[in-house]
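Student: I am new to this structure and would like a close look at one part of it, the aromatic rings and their surroundings. Could you take me through that part carefully?

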Amino acid sequence: WQPYDPENPQVYESLGEAALNLGRREEAERAFASLVEVAAARPELLQRAGLLLLRAGAAELAVTPLRASLESRPDRVNGYRHLALVLWQLGREAEAAEVLEAATRQTFPGWYRDAQRVVREELGYVYRSWIAKEPSRRREIEGQAAEMRVDLKRTDALRVTLAWETDANDVDLHVVDPRGEESFYGHRTTGTGLELYEDITQGFGPEVTRADSVVAGTYHVGVNYFSAGPMGVSRGVLVVLRPNADGTVPPPQILPFRLLDGGADMRHLATIEVPAPRRR
């Protein structure tokens with residue numbers, strides 16, 4: 001496929017995914033880095049390549065395409081979010097905070113809805129990580145958080161974010177809790193506390209489903225291609241954060257997807273297991 005169609009980004013994504021599944025991480029890194037080369041003028045694909053590199057354990061390599069994407073389209077909120085995510089994972093909290101703080105000063109198109117809420121909540125994760133890393137700077141960072149109107153006490157027991165790469169189409173986030181109740185655009189909150197923030201209908205996301213607490217059992221996460229519009233295939237990425245009970249946050253799950261048929265394609269992407277509490 002590669003010799004036949006060397007400019008097709010899907011070639012390199014497929015190569016990278018196959019290599020990851022075989023445990024060949026260096027090969028996966030090379031494939032995703034090649035995706036950057038063929039997508040140099042396409043900011044959404046640069047974002048995707050960056051998150052795929054993070055998924056492959058090559059966060060350092062991910063910074064360059066994500067910066068290039070943001071520089072190309074500073075009007076798109078996910079460019080800030082994804083770059084900050086990678087910088088945070090690299091332990092570069094000060095840089096990650098600077099990126100998200102810049103997003104709070106940006107005016108985004110109306111179809112992003114309340115994207116600033118998402119940005120400030122993610123900025124809270126960065127600030128808390130920064131304080132844990134440099135406790136001597138706690139007062140300074142807390143002052144910065146107050147200036148940015150970030151609540152440092154607010155966190156999530158589960159947080160799933162969805163972004164996709166094409167406008168004029170509608171991709172929906174669905175999360176089903178262990179009791180079988182589904183959070184989606186038609187039923188945003190569940191009895192166990194799942195909450196969908198916004199139904200983004202014109203492209204890009206972010207859509208966010210989160211919970212203050214979780215119940216024991218299996219959570220299922222999926223996406224639905226509700227409306228294709230003129231765009232055809234829609235590619236996107238889910239990011240799943242599941243903070244530990246002590247407040248630390250393990251590396252996120254990065255889950256790429258590709259959807260083909262608007263109104264028909266529902267894709268199950270992840271299960272999240274929550275163990276029952278231990279009896280004392």
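Tutor: What follows is a walk through the aromatic pairs and the charges that sit over rings. This is a predicted model, in which local features need pLDDT of at least 70 and side-chain atom pairs count only at pLDDT 80 or more, while totals for chains, interfaces and linings use all residues. Residues are numbered from 1 along each chain as its sequence is written, and side-chain values use heavy atoms, with hydrogens and water left out.

Rings of Phe, Tyr and Trp (its six-membered ring) pair if their centres lie within 6.5 Å, and planes under 30 degrees apart count as stacked, over 60 as edge-to-face and the rest as tilted. By this rule there are 4 aromatic pairs. One of them joins Trp-88 and Tyr-125, and it is tilted because the ring centres are 5.8 Å apart with the planes at 45°. This pair links distant parts of the chain, since Trp-88 belongs to helix α5 (residues 77-89) and Tyr-125 to helix α7 (residues 115-133), 37 residues apart; helices here are DSSP runs of H or I with at least four residues, numbered from the N terminus. Trp-88 is buried, at a relative accessible area of 10%, and Tyr-125 is also buried, at 3%, where buried means under 20% relative accessible area, exposed over 50% and partly exposed in between (1.4 Å probe, protein chains only).

Phe-184 and Tyr-185 form an edge-to-face pair, 5.2 Å centre to centre with 80° between the planes, and together with Phe-226 they make one aromatic cluster. Tyr-185 is partly exposed, with a relative accessible area of 34%.

Turning to charges, one sits over a ring if NZ of Lys or CZ of Arg is within 6 Å of the ring centre and within 35 degrees of the ring normal. Arg-128 lies over the face of Tyr-125, at 4.8 Å from the ring centre, and the charged end of Arg-117 sits over the ring of Tyr-197, 3.5 Å from its centre.

Note on methods: Helix = DSSP H or I, 4+ residues; strand = E, 2+ residues; numbered from the N terminus.
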